[in-house]
Amino acid sequence: MRKRPSTVQAAAALEGAEGLAAVGFGVYTGVETAIGAAVDPPSAIGVTVLALAGGIGMLACARGLLRADQWSRAPTVLTQLFALPIAWSMWQSDRPGIAIPMGAVAALALITVLSPPSTAWLIEDHDADDAGEAAPKVAEPVPAAPAEPAEPRSLGRRLMDRLKEQPTKN
């Protein structure tokens, strides 16, 4: 198994930090609601539930990135795309103490999770490596005559090849 790129580790750390912040905010609003300090209790309950669920989801995505789970990349990108307009809204509300860190973390997380090393590592099949087994070799057809040396396949080409390998429904 190839070593996990630092960009994946950074993306997971940033996503995890955001998840912890969301869970912390959810707990804070829940406690404020429970002690009766919320101005609008029904809204505060909704915010509490959404913050806790979102935070737990972000923590799951961070864990998925570290485990090379392919499903974790898309929700990680989506949470960052949601965080950017929220950061902008905080900036317009004269809350730079929230806006700047939130925007910076979201931008850095997007950059790291979408970087070529992260993408390449997350599309690899790590299942056989995790089980301690060698990946099964698939017999490939042998070309009749050796052609020119093969060029390294681009990421787009590898993704297309992988999609062609997927089973289809009849």
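This report looks at two loop residues with positive phi and at the packing of two helices.

The structure is a predicted model, in which local features need pLDDT of at least 70 and side-chain atom pairs count only at pLDDT 80 or more, while totals for chains, interfaces and linings use all residues. Residues are numbered from 1 along each chain as its sequence is written, and side-chain values use heavy atoms, with hydrogens and water left out.

**Two loop residues**

Most residues other than glycine have a negative phi. A68 has a positive one, and D94 does too. Helices here are DSSP runs of H or I with at least four residues, numbered from the N terminus.

| Residue | Phi | Loop | Relative accessibility |
|---|---|---|---|
| A68 | near 65 degrees | between α2 (41–66) and α3 (73–92) | 10% |
| D94 | near 60 degrees | between α3 and α4 (96–114) | 69% |

A68 counts as buried because its relative accessibility is 10%, buried meaning under 20% relative accessible area with a 1.4 Å probe and protein chains only. D94, at 69%, counts as exposed, for which the cut-off is over 50%.

**How α3 meets α4**

The loop that holds D94 joins α3 to α4. These helices pack at an angle of about 155 degrees, with their axes 8 Å apart; axes are lines fitted to C-alpha atoms over the stretch in contact, and angles run from 0 to 180 degrees between N-to-C directions. So α3 is roughly antiparallel to α4, a term for angles over 145 degrees.

The contact of α3 with α4 has 20 nonpolar, three polar and one charged residues. Nonpolar covers Ala, Val, Leu, Ile, Met, Phe, Trp, Tyr, Cys and Pro, charged covers Asp, Glu, Lys and Arg, and polar covers the others, Gly among them.

Definitions and conventions. Helices (H or I, at least four residues) and strands (E, at least two) are DSSP runs, numbered from the N terminus. Angles under 35 degrees count as roughly parallel, over 145 as roughly antiparallel, 65 to 115 as roughly perpendicular and the rest as oblique.
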